[in-house]
Amino acid sequence: MAKSKPEIPYIVESVEQADGALAELSAISQKIKEIELEQQEAIDFAKTQATQKSLALLARKKELETALGVFGKLNKKELFEKKKSLELGFGIIGFRASSEIAIQRGIKEDMVISKLKEYSFHEGIKTTEKINRDAMLGWTNEKLETVGLERKQKDTFFVEVKEEKIKNVA
């Protein structure tokens, strides 16, 4: 296994050093934002170029696929009487059997959901239940305790960089 030296952390020993570290942190954050902005602009430009180059091709592709679909439907009895697909020199066209679940006519979705619940077919219902802590921030401590929750206070360290000052210095 290759040897590696542990990193020696930068140690802040005074308020002046802390302010200097914040100044450097602010400058680094600003530079990172500039780099990310340049990157995003390059990506956006490349996407725009690619879209413009492929626009006519995408339109033609859709046109050909539609034409093949119409051809297949018009000639379904002759071409697909024995087989569901027809292999040609440059590809295969055909019909695939597929199914989907659809709500019957005259039935509403909420009616289906209530029937699924009534018969305990819960796997047929999509649900995601999670505790919404944000909604409970305004609750009283008593109300929180009723449902098995409690309010905890904690101090979390933060760093807030004054980017305006760095812009003025730079």
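Trainee: Why is E41 called partly exposed?

Mentor: E41 has a relative accessible area of 48%. Buried means under 20%, exposed means over 50%, and partly exposed is in between (1.4 Å probe, protein chains only). The value for E41 falls between the two limits, so E41 is partly exposed.

Trainee: What kind of model is this?

Mentor: This is a predicted model, in which local features need pLDDT of at least 70 and side-chain atom pairs count only at pLDDT 80 or more, while totals for chains, interfaces and linings use all residues. Residues are numbered from 1 along each chain as its sequence is written, and side-chain values use heavy atoms, with hydrogens and water left out.

Trainee: Where is E41 found?

Mentor: E41 is in helix 1. Helices (H or I, at least four residues) and strands (E, at least two) are DSSP runs, numbered from the N terminus. A42 lies in helix 1 too, and at 47% relative accessibility A42 is also partly exposed. The C-alpha atoms of E41 and S99 are separated by 44 Å, with their positions 58 residues apart along the chain.

Trainee: How do you know that the length of helix 1 agrees with its number of residues?

Mentor: The expected span is 1.5 Å times one less than the number of residues. For the 60 residues of helix 1 (residues 15–74) that gives 88 Å, and the end C-alpha atoms are 82 Å apart, which agrees.

Trainee: Where does helix 1 bend?

Mentor: Helix 1 bends by about 45 degrees at S54. The bend at a residue is the angle between axes fitted to the seven residues ending there and the seven starting there.

Trainee: Which residues of helix 1 are buried?

Mentor: They are S26, Q30 and G72.

Trainee: What makes strand 1 and strand 2 a pair?

Mentor: Two strands pair if DSSP finds at least two bridges between them. Strand 1 (residues 85–88) and strand 2 (residues 91–94) have 4 bridges, in the antiparallel sense, so they pair. S85 stands opposite G94, and L88 stands opposite G91. The two strands form a hairpin with 2 residues between them.

Trainee: What makes the lining of the largest pocket 7 nonpolar, 1 polar and 1 charged?

Mentor: Ala, Val, Leu, Ile, Met, Phe, Trp, Tyr, Cys and Pro count as nonpolar, Asp, Glu, Lys and Arg as charged, and the others, Gly among them, as polar. The lining is I101, A102, I103, E109, V112, I113, L116, G124 and I125. E109 is therefore the charged residue and G124 the polar one.

Trainee: How much space lies in the largest pocket?

Mentor: About 250 Å³. On a 1 Å grid over the protein atoms alone, a pocket is an open set of points with protein on both sides within 12 Å along at least five of seven lines, and lining residues have an atom within 4 Å of a point. The volume is the space filled by probe spheres set on the points, which are joined across faces, edges and corners.

Trainee: What is the sign of phi at S120?

Mentor: Positive, at about 60 degrees, although S120 is not a glycine. Most residues other than glycine have a negative phi. S120 is in the loop between helix 3 (109–118) and helix 4 (141–146).

Notes:
1 Å grid on protein atoms, 1.4 Å probe; cavity = no way out; pocket = protein on both sides within 12 Å on 5 of 7 lines; lining within 4 Å.
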